[in-house]
Amino acid sequence: MRFIHIADVHLGAQPDAGPLYSGKRPQELWDTLERVLGVCEEEKTDLLLIAGDLFHRQPLLRELREADYLFSQLTHTKVVLIAGNHDYIRKDSAYLTFRWSENIYPLFGAELEYVDFPDLRTAVYGMSYHTREISDPVCDGLKACGAEPFEILLAHGGDEKHIPFDTRALEKQGFDYIALGHIHKPRILREDYMIYPGALEPVDKNDTGPHGYVRGKIDESGVRTQWIPFALREYVRLEIRTEPGDTAGSIRKRIEEKTSGYGEQNIYRIILKGKRDPHTVFDVNRMTGKANILEISDETSPAYDLRRLYHENEDTVLGRFMEQFAGCEEGSTEYQALCEGVDALMKSME
């Protein structure tokens, strides 16, 4: 039995995307889902497992119709999904009354239920959120009931407010594969057995690194999986080292050189670290260049000769301030605070 496992598609989200992609990024979430369905069709995948948060919020009826149409075009693949904490089942949720196409099997109950596929010798278990948060470890007591030779659990959560679970307890529950959702970065808890595929596309600037899905196969010899990178774009965090002689122009050139090696399609967060001339204030708006830069953070410190400054100002407010940071290491938070304080005091003295 061949499956593809996705999670956290977040259709309807408005991702942080920088100046070049903000307008098109919401549609790209749909586009990538459709590309995954194309893989399912091409590879004749038996099951598409969606481990929660297909939508970023309560889905609109027109959005459900669109998703249903896309799924219904699959000629071989059956789709099984649960609702996560973002698209949880509210009392007025359109999920409750929508009629899905015959190849789609929602597991929208608040308690564990399963769908049986005798032709695949597989049963898929799952439960859905009916509130935004579930702080009880409800997964720890779930067990496979032996309906089919191959049994899979769909589960969404893993932190203290969203179904915390004990990995060792889950391992004893009799499932052949546990398809997890909620954590946006890919994470393998147990090789070939308990996996977060991560968000299909990154939707937040903290979702750094590659994103994609899990391809798997189950037979009498066990489960084998492969994580497939598939997202159109990545959030890339880059540190740029500065020197006292740098200007906005020289830093912009360095940013362009570094981002070109990572790809024009990506979305960048730039952090400036190092030294700058004490009289220089970097204009980050002049540093963006051609790359799609979401933000530039200036964490540089002025290149003061701190030892000389202290000896020249021992008996002043500046000297007494510097004494409070005696012994702090360069690069530490305390050192950053020292530099910022010295900078502020020097400006006030001017």
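I began at F3 and looked up its bridge partner in β11, which in this predicted model is G216. Stepping back to the strands themselves, I noted that β1, residues 2-6, and β11, residues 212-219, pair in the antiparallel sense over 4 bridges.

I then followed β11 to its other listed partner, β12, residues 222-229, and found that 8 bridges join these strands, which run antiparallel. At one position of this pairing I recorded G212 of β11 standing opposite P229 in β12. What do β11 and β12 form, and how many residues lie between them? They form a hairpin, with 2 residues between the strands.

Next I turned to the open sheet, for which I wrote down 6 strands in the order β5-β6-β7-β8-β10-β9, with mixed pairing. Which strands are at the edges of this sheet? I noted β5, residues 113-117, and β9, residues 187-190, each of which pairs on one side only. I also looked up the twist of the sheet, which averages 20 degrees from one strand to the next.

Within that order I checked the neighbours β7 and β8 in detail. Strand β7 covers residues 150-156 and strand β8 covers residues 177-181, and I entered their pairing as parallel, over 5 bridges. For A155 I looked up the bridge partner in β8 and found L180.

As a reminder for reading the side chains along these strands, I added that in a regular strand they alternate between the two faces of the sheet.

Terms used:
Residues are numbered from 1 along each chain as its sequence is written. This is a predicted model: local features need pLDDT of at least 70, side-chain atom pairs count only at pLDDT 80 or more; totals for chains, interfaces and linings use all residues. Side-chain values use heavy atoms; hydrogens and water are left out. Two strands pair if DSSP finds at least two bridges between them. Axes are lines fitted to C-alpha atoms, for helices over the stretch in contact, and angles run from 0 to 180 degrees between N-to-C directions.
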